[in-house]
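Thanks for coming, everyone. Let's put the model up and walk through it.

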Number of protein chains: 2
Amino acid sequence: MSLIVQKFGGTSVGSVERIKEVAKKVARFRDEGHDVVVVVSAMSGETNRLIELAKAMQNQPTPREMDVLVSTGEQVTIALLCMALHDLGYGARSYTGSQVRILTDESHTKARIKEIDDQSIRADLTAGNVVVVAGFQGVDESGNITTLGRGGSDTTGVALAAALNADECQIYTDVDGVYTTDPRVVEDARRLDRITFEEMLEMASLGSKVLQIRSVEFAGKYNVPLRVLHAFQDGPGTLISLEDEQAMENPAISGIAFTRDEAKITVLGVPDTPGLAYQILGPVSDANIEVDVIVQNVAEDNTTDLTFTVSRGDMLKAEAIVRDLVEKTGAREVKTDNRICKVSLVGVGMRSHAGIASKMFKTLADESINIQLITTSEIKISVVIEEKYLELAVRALHAAFELDQKAAS
Amino acid sequence: MSLIVQKFGGTSVGSVERIKEVAKKVARFRDEGHDVVVVVSAMSGETNRLIELAKAMQNQPTPREMDVLVSTGEQVTIALLCMALHDLGYGARSYTGSQVRILTDESHTKARIKEIDDQSIRADLTAGNVVVVAGFQGVDESGNITTLGRGGSDTTGVALAAALNADECQIYTDVDGVYTTDPRVVEDARRLDRITFEEMLEMASLGSKVLQIRSVEFAGKYNVPLRVLHAFQDGPGTLISLEDEQAMENPAISGIAFTRDEAKITVLGVPDTPGLAYQILGPVSDANIEVDVIVQNVAEDNTTDLTFTVSRGDMLKAEAIVRDLVEKTGAREVKTDNRICKVSLVGVGMRSHAGIASKMFKTLADESINIQLITTSEIKISVVIEEKYLELAVRALHAAFELDQKAAS
């Protein structure tokens, strides 16, 4: 018997029928003898409906009142799920964030959890009840309702799991786990049985949007085993946990992430002086444009080339800013390209395996794919290539690193 | 400058536009220098929507979870009204029942208020804010959300006014005040400037459904002046307060109430023994049938006749119960009539004015209206007559007691 925290998102509780399905799934875990704490989001569509109402009242709705308003979404779901569990004959009690007491700071609409009082929940679990908690919300020191920002229900689940020292935090989604890469691109993409927090962070930020990044960071920090599962299909899902010390023999690469939505800006022939990167990228960042890859080559003839990538929608804006700087920095030329993409190999095994990078470059060369930029981190190698080669590159790398084959364990 | 509690019901806050209208009205009172506490209901239709969802989950939804669910209705309204006030440039802060701390007993879906903590509200008023409170809801000792039952927002308003020692509790409705009688029956019906709590109770229970009876009782108990006003029309409304000692010269009658929805059951020739009324009415009440008028005449030949009225929809059920008792009680016969109505004169002045009853009976006799039953209380005389005479009787009495003419004051 273990203590499990289960989180169901808006789509999973999007209708009366789906809430009843969730109740049945929770009931099965109770039947197996587990203690269960369920965290739910608002029914899909409800949060947007409430935001529309708010915007009809005030152009920039007051954050404190916005939280009072949207927190009703999850409050509706916790009550309905408890009723569905009662209807199946299971004990269950609902808790708003304020009732648990999920204490947060005072940053309305983007609050951070400071402390969770687990007393009432523990008492309810001991009494044999399923505890159903409203995700995404908390309360500040003064009793004001706060929310954690959109998608914050994952964070509630992980935080509760950490506070209760739960055996596992299960995040139910519309996919049955984390894959070696996007199955729409590579037919042979394989569901991973497990992956480390770090790998998941690299996969998530690179476009495999299964989990909220913040909740993965949180889970890693408090070492809460996370499991991604499909809400309405059975299966083991993918376990996200600390690196398994005994798994040093695991393959170097866990997965291949990619993103299409990038554009590249290169400033050629910039005089190589200290502060150069700041002179160019400072104004870009001041304009609230997020910069992804940054590459600067070694200087030659006292000039250098600086290349960076931005989200494709920001390219024209970023280009204009950089062109304004040409005279000031003494640069020779600015070039842009929005037909690029980024492909990344991710894996903690990379740390102890030599030759990953060269194998990656050789694989791409064999397919005559030209590499435009390269960046690396401890557990990731990313390359920027022409967009039309995206699928070819991902498939070739997936095969070369044998990601379709389950690791011997 | 005074402290005013204003209550707006579901229809008054039934849309974005109407909430904005309410905000403008509240703002006008602030401009006049008053401190304002606003109590709001859920937007019309919202509570029913939530109840439908609950019934889809569970045949008899768990009361605790029902309260968690339906209390979201008012929570939405308080946030939206605060946003609307902010948009107009006024300070405002919302409070759920739990945040105020409106402490109630633990009777979910029909809780009673035990205590109100006025500290936070007073601090907000001192800071110049409008305080917007969710009606209909509270919290029990253990932190569970409770609701006061349908229509309970009036009670919240009165209870807050009592706790804050407010100068007036204004109840905004879809009528511009309390009338001498139903204007749809008597064209000359006149809005009353003031009426006593007792009179209002008699008027309300007799069919002039402007206010929740419980809130009037509550206002009377704590001597909170209540004012009934139209939500979207200007006007002084009707003030409901304690009897004005200086107003002894006021007319004897304040208004005429009536109800159509009644049926009469008469048990003839019952042996006049102790416990007779209980023997007959006990089983009726056990069947959850509410009995209104009860009349028993003096016995003759050791038998008597007992007549009572019930809501028309309950007549057949009540008749069946009473017929079953005929043998047991030794009664001679049971007669029923569902073509009756009840007309009542209400007025505290009655206490000090002789001849009201005889004037009433003469007025009806002059119109050849036969009186079937008569009951009286300290401030009310009711007669049961044939239903077809209802309008005629009310109009004749309205004219006879000169209710269309404003009292000299």
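I'll cover the ground rules, then symmetry, cysteines and the annotated site.

This is a predicted model, where local features need pLDDT of at least 70, side-chain atom pairs count only at pLDDT 80 or more, and totals for chains, interfaces and linings use all residues. Residues are numbered from 1 along each chain as its sequence is written, chains are lettered from A and ligands numbered from 1 in the order written, and side-chain values use heavy atoms, without hydrogens or water.

Symmetry. A turn of 180° and a shift of 0.1 Å along the axis lay chain B on chain A, with an RMSD of 0.2 Å. The fit is least squares on C-alpha atoms of residues with pLDDT of at least 70 in both copies. That is the relation of a two-fold axis. In chain B, the C-alpha of B:Thr72 is nearest the axis, 2.8 Å away.

Cysteines. How many disulfides does the structure hold over all chains? There are 0, taking a disulfide as two cysteine sulfur atoms within 2.5 Å. A:Cys341 is buried, at 0% relative accessible area. Buried means under 20%, exposed over 50%, partly exposed in between, with a 1.4 Å probe and protein chains only.

Now the site. UniProt's unreviewed entry lists a "binding site" that includes A:Gly9 and A:Val210. Such annotations may be inferred rather than shown by experiment.

A:Gly9 sits in the loop between β1 (3-8) and α1 (16-31) of chain A. A:Gly9 is buried, at 10%.

A:Val210 is partly exposed, at 22%. Beyond four places in sequence, A:Val210 contacts A:Thr173, A:Val175, A:Met200 and A:Val228. Contact means heavy atoms within 4.5 Å.

Conventions. Helices (H or I, at least four residues) and strands (E, at least two) are DSSP runs, numbered from the N terminus.
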